[in-house]
Amino acid sequence: MGFSKQDLEAARGKQVDDLAGPGLKLLFAGINPGLWTAAANAHFARPGNRFYPALLQAGIIDRPIDASDGMSEADRRYLISRGIGITNLVRRATARADELTDEELRDGGERIARFVAAYRPKVVAFAGITSYRKAFRRPRAVVGEQPDPLAGAAVWVVPNPSGLNAHETVPSLAQAYAAAARAAGLVPAR
């Protein structure tokens, strides 16, 4: 299908439904929805986004998912049944993450803490180091497992799968996502 420029502009400021359910083990928290994601009302929906291919390569999922035209109810149920959830630090859609303010990111960190307290995942994986640093006032945080839990969940920072993060590849993303998934008990230890 695809979206026109008008469709994408109309998605500015919209929110994307969270994906979460009972038995949540691994919660991915993106920065905020892009315009394509908001138009599709599906996380990481922009064609070429490497999130779902990296999940597949990491063994977190065992079949491809294409959310570019929206996520099917079957795919939503499948992810939830696997113990996977997806949300965002900031709910409003923008063309670029650099349109967000530090205050929005900090407010988003507080929202995620409440979300984690409600759903009790084993691991929260934040997709984007810069946004994590700002949201949680951790200016020296590095990618990987973080020393401090969030509402009882282990915290990981993983690379953002956006094409703007060009130095990452599907294999490097898969490696980072698999590490968080191992901590959550979703993939076997090596």
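Biologist: Which side chain meets Arg63 in a salt bridge?
Modeller: This is a predicted model. Arg63 lies in the loop between helix H3 (51-58) and helix H4 (73-81), and its partner lies in helix H4, so the pair ties together parts that are 12 residues apart in sequence. The N to O distance is 2.7 Å, and the partner is Asp75.

Biologist: Is Asp75 buried or exposed?
Modeller: Arg63, the other member of the pair, counts as partly exposed at 29% relative accessibility. The cut-off for buried is under 20% relative accessible area. Asp75 has a relative accessible area of 10%, so Asp75 is buried.

Biologist: How many salt bridges does the structure hold?
Modeller: Side chains of opposite charge can pair when their charged atoms come close. Arg63 with Asp75 is one such pair, and Lys134 with Asp102 is another. The count for the structure is nine.

Biologist: What is the distance between the closest N and O atoms of Lys134 and Asp102?
Modeller: Lys134 lies in helix H6 and Asp102 in helix H5, so this pair ties together parts that are 32 residues apart in sequence. Lys134 is partly exposed at 36% relative accessibility, and Asp102 is partly exposed at 34%. For their salt bridge, the closest N and O atoms are 3.5 Å apart.

Biologist: With which residue does Arg138 form a salt bridge?
Modeller: The closest N and O atoms of this pair are 3.3 Å apart. The pair links distant parts of the chain, with Arg138 in the loop between H6 and strand E4 (144-145) and the partner in the loop between E4 and strand E5 (154-158). Arg138 is partly exposed, with a relative accessible area of 35%, and the partner counts as partly exposed at 37%. That partner is Asp148.

Biologist: Which residues are joined into one network by salt bridges that share partners?
Modeller: A salt bridge needs a side-chain nitrogen of Lys or Arg within 4 Å of a carboxyl oxygen of Asp or Glu. Here the bridges share partners, and the network joins Glu9, Arg12 and Glu99.

Biologist: What span does helix H5 reach from its first C-alpha to its last?
Modeller: H5 covers residues 102-119, which is 18 residues. At 1.5 Å a residue the expected span is 26 Å, and the value found is close to that. H5 reaches 25 Å.

Biologist: What covers the buried residues of H5?
Modeller: The buried residues of H5 are Leu105, Gly108, Gly109, Arg111, Ile112, Phe115 and Val116. After the helix comes Arg120, with a positive phi near 55°. The cover over the buried residues includes strands E1 (26-30), E2 (84-88) and E3 (123-127), and helix H6 (129-135).

Biologist: What do the buried residues of H3 pack against?
Modeller: Phe51, Tyr52, Ala54, Leu55 and Ala58 are the buried residues of H3. They cover an arc of only 160° around the axis, which puts them on the same side of H3. Just after the helix, Gly59 takes a positive phi of about 85°. The buried residues pack against E1, H4, E2 and helix H7 (170-184).

Biologist: What volume does the largest cavity have?
Modeller: Rolling a probe the size of a water molecule over the atoms shows where empty space is left. A search of the whole structure finds one cavity of 30 Å³ or more. Its lining is Asp17, Leu19, Asn41, Ala42, His43, Met71 and Arg76. The volume is about 40 Å³.

Technical notes. Residues numbered from 1 in each chain as written. Predicted model: local features only at pLDDT ≥ 70, side-chain atom pairs only at ≥ 80, totals over all residues. Heavy atoms only, no water. Helix = DSSP H or I, 4+ residues; strand = E, 2+ residues; numbered from the N terminus. Expected span 1.5 Å × (residues − 1). Buried < 20%, exposed > 50% of the residue type's maximum accessible area, 1.4 Å probe, protein only. Contact = heavy atoms within 4.5 Å. Arc of directions from axis to C-beta. 1 Å grid on protein atoms, 1.4 Å probe; cavity = no way out; pocket = protein on both sides within 12 Å on 5 of 7 lines; lining within 4 Å. Points joined across faces, edges and corners; volume = space filled by probe spheres on them.
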